[in-house]
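Let's explore this protein together, one question at a time. Have a look at the sequence and the structure, then follow the reasoning below.

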Amino acid sequence: MGEVETVSGRIDAADLGRTLGHEHLRSSSETVRFNFPHLYDEAEEEQIAVEAVEKAMSHGVKTIVDPACMDLSRDVGLAQRVVEKTGIQLVMCTGIYGSHYTFIPHYFENRGPEAMVDAFVHDIEQGIQGTEVKAAFLKCAVDEPGITEHVDKVLRACAETSKQTGRPIMAHSHPGTRRGLEIMDVFDEEGIDPSMVQIAHTGDTDDLDYIEELLQRGPFIGMDRYGLDIYLPTAQRNATVIALVERGHADRMTLSHDACATIDWFPREMIGQMVPDWHMGFIFESVLPALHEAGVTEEQTEAMLGDNVHRWLIP
Ligand SMILES: [Zn+2]
């Protein structure tokens with residue numbers, strides 16, 4: 001199948017093993033962190049990230065894909081330290097999340113799309129943030145506000161970079177507003193092979209008609225927010241995955257939590273109360289037994305935690 005770039009260098013697809021396709025070592029506001037670093041305890045954040053990764057590894061996970069990009073505090077230094085301490089195979093990306101899923105900074109606003117493409121290609125070919133760690137894929141985000149002018153620029157820059165470098169794309173989506181279909185419209189216009197696209201957060205809905213319509217367009221879909229019951233409770237996430245397996249789509253889904261070892265969007269104690277199941281072990285402890293009980297085979301769940309992610313990651 002080929003090789004993929006990780007924090008510790010290129011790894012053969014055959015060595016990726018059990019993989020969580022969408023987790024974060026950290027999510028935080030870059031603007032707040034840069035201006036008020038005293039609000040953050042970097043050593044404590046690193047320790048919590050190490051513990052989160054170790055929990056996943058205790059369930060046999062060998063590889064974690066972390067789609068942190070611009071606006072999510074992507075930090076290659078943190079990634080390198082966590083990799084060194086845990087031995088996890090960590091896959092990083094390049095791209096832009098977009099402030100409030102709407103805006104890009106003036107730097108990119110007032111330059112042509114090639115400025116963004118150049119930045120992305122740099123991360124893929126030269127390395128991220130002054131290191132030799134290379135981005136393995138592209139990330140963009142379309143949420144409830146839709147494909148604004150700025151978001152459109154990011155999507156098309158990701159598409160152009162993908163065409164230049166052969167790297168796949170992950171798009172954050174808001175299935176409640178059927179954004180996955182609009183995202184596919186843009187990538188179709190740009191001539192992107194749909195199997196190089198993963199529509200993240202598709203598992204936030206149990207609208208099977210929407211998901212079927214999206215799958216017909218050819219992307220992989222992320223059932224990747226297990227434990228985030230505030231968007232959709234686990235039982236409904238499971239029922240959706242089971243129904244899609246019954247309809248023959250076990251080879252198009254990825255399973256993950258979108259867990260953030262630390263996230264500054266809310267006070268920490270509030271997160272623990274809001275989403276107690278939101279951690280990198282939840283799928284193994286609670287989801288897989290329920291899926292298997294309902295007749296989903298181990299081979300199918302392992303594909304969703306392995307081969308499906310790998311086939312998207314290494315087109
Ligand atoms: Zn995420």
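Q: In which strand is Val197 placed?
A: This is a predicted model, and its residues are numbered from 1 along the chain. Residues 197-200 form one strand, and Val197 belongs to that run. The strand asked for is S9.

Q: Is Val197 buried or exposed?
A: A residue is called buried when its relative accessible area is under 20%. For Val197 the value is 0%, so the cut-off is met. Leaving aside neighbours within four places in sequence, Val197 is in contact with several residues, including Ile169, Phe187 and Trp312. Val197 is therefore buried.

Q: How far apart in space are Val197 and Arg167, C-alpha to C-alpha?
A: Along the sequence, 30 residues separate Val197 and Arg167. In space, the distance from C-alpha to C-alpha is 9.7 Å.

Q: Which protein residues are the donors of the zinc ion?
A: Along the chain, the donors follow the spacing H-x1-H-x233-D, which calls for two histidines and an aspartate. They lie 2.1 to 2.2 Å from the zinc ion, and the histidines each use their NE2 atom. The donors are His22, His24 and Asp258.

Q: Are His22 and His24 buried or exposed?
A: Buried means under 20% relative accessible area. His22 has a value of 1%, and His24 has 3%. Because each value is under the cut-off, His22 and His24 are both buried.

Q: Where does Thr177 lie, and how accessible is Thr177?
A: Thr177 sits in the loop that runs between strand S8 (169-172) and helix H7 (179-189). Partly exposed covers values between the 20% and 50% cut-offs. Thr177 has 26% relative accessibility, so this loop residue counts as partly exposed.

Q: With which side chain does the side chain of Thr177 make a polar contact?
A: Not counting residues up to four places away in sequence, Thr177 touches Glu144 and Glu182. The polar contact, at 2.7 Å, is with another side chain. That partner is His174.

Q: Why is helix H9 called oblique to helix H11?
A: H9 (residues 234-246) and H11 (residues 282-293) pack with their axes 10 Å apart, at an angle of about 55°. Angles under 35 degrees count as roughly parallel and 65 to 115 as roughly perpendicular, so this pair fits neither group. H9 is therefore oblique to H11, because of the angle of about 55°.

Q: What is the handedness of the crossing of H9 and H11?
A: Thr234, Asn238, Val241 and Ile242 in H9 meet Phe282, Val287, Ala290 and Leu291 in H11. The crossing of these helices is right-handed.

Definitions and conventions. Predicted model: local features only at pLDDT ≥ 70, side-chain atom pairs only at ≥ 80, totals over all residues. Heavy atoms only, no water. Donors = N, O, S within 2.8 Å, 3.2 Å for Na, K, Ca; no water. Buried < 20%, exposed > 50% of the residue type's maximum accessible area, 1.4 Å probe, protein only. Helix = DSSP H or I, 4+ residues; strand = E, 2+ residues; numbered from the N terminus. Contact = heavy atoms within 4.5 Å. Polar contact = N/O pair within 3.5 Å; in protein donor to acceptor, adjacent residues only side chain to side chain. Axes fitted to C-alpha atoms, helices over the stretch in contact; angles between N-to-C directions. Parallel < 35°, antiparallel > 145°, perpendicular 65-115°, else oblique. Left-handed = near helix turned anticlockwise from the far one by under 90°.
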